[in-house]
Amino acid sequence: METPGSQSSLHRANLERVVRAVRLAGSLTQAEIARTTGLSAATVSNIVRELKDGGTVEVTPTSAGGRRARSVSLSGDAGIVIGVDFGHTHLRVAVGNLAHQVLAEEAEPLDVDASAAQGFDRAEQLVSRLIAVTGVDRAKIAGIGLGVPGPIDVESGTLGSTSILPGWTGTKPAEELKDRLGVPVHVDNDANLGALGELVWGSGRGVKDLAYIKVASGVGAGLVISGRIYRGPGGTAGEIGHITLDESGPVCRCGNRGCLETFAAARYVLPLLQSSHGTELTMERVVALAREGDPGCRRVIADVGRHIGSGVANLCNLLNPSRVVLGGDLAEAGELVLGPIRESVGRYAIPSAARQLSVLPGALGGRAEVLGALALALSEMGDSTLLDGSLPASAPAFT
């Protein structure tokens, strides 16, 4: 038994600090580990050697600042995590290892009106298929990250009201998937997972404070503060879509008038173009037409960008993020939408906050949420399981 404050407990704590730093980053040089953990270079070197000898980490030659260095990552066979993303019209699943490598990924259409049970049946089947494809040992599953398009109550894990999956309201998605697959499941809304995905793998790399704006059938934001997702005490932080832009504007699904969502979400924007472009129009098609030069689509996207920029300006004034990442289909419009966003930010944000802000398109496209689900599973797993070799091994077989 380790005595608190003893050399053995201090050594154990340092081991866990190093493993956690590498697990969250994917890979770090030893110098970066020292800066991240506050440990001395000599201590880091000794710990990395010990972890390498135990098979927990892998060390490969690299370079940093033009100098030779050693990159440290968790062993590729130390464990795996699974990401599951339920979207407006799709289900996407990815399997990754603890070195942040995606081993398999697949998406399939999902009927938005399907019941929760049908949705989880599909998820269970797709997870099983990818596990079989990769050939990984199911005893190595460290956890599952799950994304859903709606607010999750932090205390109960219950899915709140969502117009995207109305039949799911009141369900407990994490409990449902855990009962089916027998491993720990961590759930969050799609905007938060998009933020995590871009933070770890995409346009948010290297920053500690950012907002990920997702514009689809609704408008939401995932907020990262000091490198961590900020959810608020009730799990509803980031509902940027319900910032009021016009008190006399259209009635929003939340009951208020003139919310940002009523000026930017697909359900409100597409009808503006249906008389000239038909009723089968999608936001993806609007973006494609705008890129081809269609004047109506360009005007609508510019207007949407200016409205989003007003909401982003409010975020700048309140939270002062260093980066905003735009996700969803709208991000494919590039400068057609990013330019108007920056214009509104420059007009409405405090000048010092606007100067520090960069506005970028997401780098991951439709994969942001499922990769964020992988990142969520990675961030929530305990480091002691890696050091003790005690990953869950008692789950029922997948069917």
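This passage walks through a strand sheet, the helices beside it, several salt bridges and one buried proline in a predicted model.

A good place to start is the open sheet, which is built from five strands in the order β6-β5-β4-β7-β8, with mixed pairing. The strands β6 and β8 stand at the edges, and each has a single partner strand, so one side of each is left without a neighbour in the sheet. From one strand to the next, the twist averages 15°. In general, strands of a sheet pair through backbone hydrogen bonds, and the pairing is either parallel or antiparallel. Strands β7 and β8 run parallel, and five bridges join them. Here β7 covers residues 141-148, while β8 covers residues 185-189. Where these two strands meet, V148 stands opposite N189 in β8.

Helices accompany this sheet. Helix α5, made of residues 173-181, packs on the sheet and touches β4, β7 and β8. The direction of α5 makes about 140° with that of β7. Helix α6 lies across β7 and β8, and runs at about 105° to β8.

Attention now turns to charged side chains. Side chains of opposite charge can pair when their charged atoms come close. The structure holds 17 salt bridges, and a few of them are followed here.

One of them starts in the edge strand β6, where the side chain of E105 meets that of R367 at 2.7 Å, N to O. This pair links distant parts of the chain: E105 belongs to strand β6 (residues 102-109), whereas R367 sits in the loop between β13 and α14, 262 residues apart. Both partners can be placed on the scale of exposure: E105 is partly exposed, with a relative accessible area of 26%, and R367 is also partly exposed, at 31%.

Helix α6 takes part in another salt bridge, in which the side chains of D190 and K214 meet at 3.3 Å, N to O. Again the pair links distant parts of the chain, with D190 in helix α6 (residues 190-201) and K214 in strand β9 (residues 210-215), 24 residues apart. Both D190 and K214 are buried.

A salt bridge within a single helix joins E343 and R347, whose side chains meet at 3.5 Å, N to O. Because these residues are four apart in helix α12 (residues 335-348), about one helical turn separates E343 from R347. E343 is partly exposed, with a relative accessible area of 39%, whereas R347 is exposed, at 55%.

Salt bridges can also join up into a group, and E106, E108, R122 and R129 are linked in such a network.

Helix α12 has one further residue to visit, P340. With a relative accessibility of 8%, P340 counts as buried, because the cut-off for that label is under 20%. What does P340 touch, leaving aside residues up to four places away in sequence? Its contacts are A302, G305, R306 and E335. P340 can also be compared with H307 in sequence and in space: the two are 33 residues apart along the chain, and their C-alpha atoms are 8.5 Å apart.

Notes: Residues are numbered from 1 along each chain as its sequence is written. This is a predicted model: local features need pLDDT of at least 70, side-chain atom pairs count only at pLDDT 80 or more; totals for chains, interfaces and linings use all residues. Side-chain values use heavy atoms; hydrogens and water are left out. A salt bridge is a side-chain nitrogen of Lys or Arg within 4 Å of a carboxyl oxygen of Asp or Glu. Buried means under 20% relative accessible area, exposed over 50%, partly exposed in between (1.4 Å probe, protein chains only). Two strands pair if DSSP finds at least two bridges between them. Axes are lines fitted to C-alpha atoms, for helices over the stretch in contact, and angles run from 0 to 180 degrees between N-to-C directions. Contact means heavy atoms within 4.5 Å.
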